[in-house]
Amino acid sequence: MQQITILGSTGSIGVQTLDVIRSNPDRYRAAYLTSNVNIDRLERQVAEFAPDGVVVSDPEQAAEARRRFGDRVEVLEGDEALASVAADPAVDIVMSALVGFAGLQPTIAAVRAGKRVALANKETMVVAGELINRLRAEHGATIIPVDSEHSAIFQCLVGEEPSSIGRLVLTASGGPFRELPAESFGAITAIEALRHPNWSMGPKITIDSATLMNKGLEVIEARWLFDIGAERVDVVVHPQSIIHSMVEFVDGSVKAQLGLPDMRLPIQYAMAYPERIAASYGRLDLASVGTLSFFEPDTERFPALRLAYAALERGGTAPSVLNAANEIAVAAFLAEEIAFPQISALIERALSEASIAEDPSLVNILEADKRTREAVRSYLGSRSFTPPS
Ligand code: NAD
Ligand code: MG
C-alpha cells in the first residue's frame, strides 16, 4: 500500500488525485490532506478517506476545523506543518498540488526527504528549477511531472537516451481568446477568461492559460525537468488538446502522447510509473475528433510567452520575478482591478525594474518573490494602472 500526502487536496488536482485513490483502494491510501481555507470540502474528504492528519494553512480556518472534526483527525496548521506532512517517514508519494509560490517550500521538504514527488505545482520548477535538481540528486528523490505536457514528454522519453533528444514541442490550446482580435483584449472580463475551452482547472492556471503565461511557465518547467536548453523547447498551438506534447529526436523522428484532456491520466501515471493502471475514464476516438490543427503562437497578442522566454534567458532570479509579478497581476485581474492586457504589462515592468541575483540560493529566491510582490502592488496603487471601465 502506497501512502500519499496530497498538498492541496481541496483543489482541482487534489480532488482528481483523490478520485484516482478512490478507484485504486488496494494500491493507494491518502495519509495526509491539506487545504488553505476550504474546510467544508476538507471535512467531506476526511469523512471519506480517513487520513492520519490534515493541515489547514489559514489559522482561523484551522481553529474552526478543529471544532468541527478535530475529534476525528489531527488538524495541524501553518507552513511547517505542510513541510512535515510532505516529509513524514511513513509517506511514499507526495502529490505537490498547491497553487503558486506557496508550493515551493513543502515541495523542497518532500525532495529533501527523498520522496517520489508527483509534481503538479509548476511554479516550483519555474522559480527554483536548478536548486530542485541539485536537491533531487543529493537526496535521491524522484520527480514525475503531472502537468499534462511534461507527462507527455516524460512518457515519450521512456527508453530513450537524453543524447537522442533534438527538441521538445509543448502544445498549447491557445486558450479562449485564440481568435480574438487584439483591439478586443482590453474588454475581456474575468468570467470570460475563466472559461477554458478544454480543461476545467483552478482559477489561477485558467487565467494563465488565457494569457499564455501558462505555456511560458511550462517552457521554464521543461527546461529544468528535462535539463534542456530553452532554445530547444518550442511551443505550437493545438486547439483540440489531444496531442499533449511531443519530442523530436536527433534522427527527425517525432513521438507524441495523445489522449482525451483528463488530468487523471497524468496524475495516476505519476503515481504508478513505471507501471500503468487500468482506468475507466473515456477513451480517445480520433475519428470523432476529426481534425487536429496546429498554429504558431502569436506573441504580439500574447506577450506573456515572450516574457517567459526572456526571463529564462536572463536567468538567476528573473523567473522568480516573472512568477511573482504574474501571481499578483492575475489576482488583481480576478478582482477586476486591472484589464487583461495589464497582466503582461505589469510583469514586463517588474522584470525591467527588478535587480536580478545570479545563481540564486533559496534565500535569494524568497527575497525576489517578496520584493516583486511589493513592487507590483505599488504599481497597482499608482495612477499608471487604471482599472478597466
Ligand atoms: P486550485 O486553486 O484548484 O487548488 C489549489 C490548492 O492549494 C487548494 O487545495 C488550496 O487550498 C491550496 N492552496 C492555495 N493557496 C495556498 C496557500 N497559500 N497555502 C496553502 N495551501 C494553499 O489549483 P489547481 O488548478 O489544482 O492547480 C494546482 C497546481 O497544479 C498549480 O501549480 C497548477 O499550475 C498545476 N496544474 C494544474 C492543472 C489542473 O488541471 N488543475 C494542470 C496542470 C498543472
Ligand atoms: Mg499543462
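**Close-up views of a predicted model**

**View 1. Three acidic residues hold the magnesium ion (ligand 2).** Asp147 (OD), Glu149 (OE) and Glu218 (OE) coordinate the magnesium ion (ligand 2), at 2.1 to 2.2 Å. The model is predicted. Along the sequence, the donor residues follow the spacing D-x1-E-x68-E. Asp147 has a relative accessible area of 7%, under the 20% cut-off, so this donor is buried. Glu149 also counts as buried, because its relative accessibility is 7%.

**View 2. Phe154 and Tyr269 make an edge-to-face pair.** The structure holds 8 aromatic pairs. In this one, the ring centres of Phe154 and Tyr269 lie 6.2 Å apart. Their planes meet at 75 degrees, over the 60-degree cut-off, so the pair counts as edge-to-face. The contact joins distant parts of the chain. Phe154 belongs to helix H7 (residues 148–157), and Tyr269 to helix H11 (residues 264–272). The two residues are 115 apart in the chain. Phe154 and Tyr269 are both buried.

**View 3. Phe333 and Phe340 pair within an aromatic cluster.** The rings of Phe333 and Phe340 are set edge-to-face. Centre to centre, the distance is 5.6 Å, with 75 degrees between the planes. Phe333 and Phe340 are buried. They join Phe177, Phe185 and Phe302 in one aromatic cluster.

**View 4. The charged end of Arg223 sits over the ring of Trp224.** The distance from the charged end of Arg223 to the ring centre of Trp224 is 3.8 Å.

**View 5. Arg349 places its charged end over the ring of Tyr379.** Here the charged end of Arg349 is 3.8 Å from the centre of the Tyr379 ring.

**View 6. The second largest pocket is lined by nonpolar and charged residues.** Its volume is about 260 Å³. The lining comprises 14 residues. Leu157, Pro162, Ile165, Leu225 and Phe226 are the closest to the pocket centre. Strand E7 (142–145) supplies at least two lining residues, and so does H7. By class, the lining of this pocket has 9 nonpolar and 5 charged residues. No polar residue takes part. Helix H7, which contributes to this lining, also carries Phe154 of the pair with Tyr269.

Note on methods
Residues numbered from 1 in each chain as written. Chains lettered and ligands numbered in written order. Predicted model: local features only at pLDDT ≥ 70, side-chain atom pairs only at ≥ 80, totals over all residues. Heavy atoms only, no water. Phe/Tyr/Trp six-rings, centres within 6.5 Å; stacked < 30°, edge-to-face > 60°. Helix = DSSP H or I, 4+ residues; strand = E, 2+ residues; numbered from the N terminus. Buried < 20%, exposed > 50% of the residue type's maximum accessible area, 1.4 Å probe, protein only. Lys NZ or Arg CZ within 6 Å of the ring centre and 35° of its normal. 1 Å grid on protein atoms, 1.4 Å probe; cavity = no way out; pocket = protein on both sides within 12 Å on 5 of 7 lines; lining within 4 Å. Points joined across faces, edges and corners; volume = space filled by probe spheres on them. Nonpolar A, V, L, I, M, F, W, Y, C, P; charged D, E, K, R; others polar. Donors = N, O, S within 2.8 Å, 3.2 Å for Na, K, Ca; no water.
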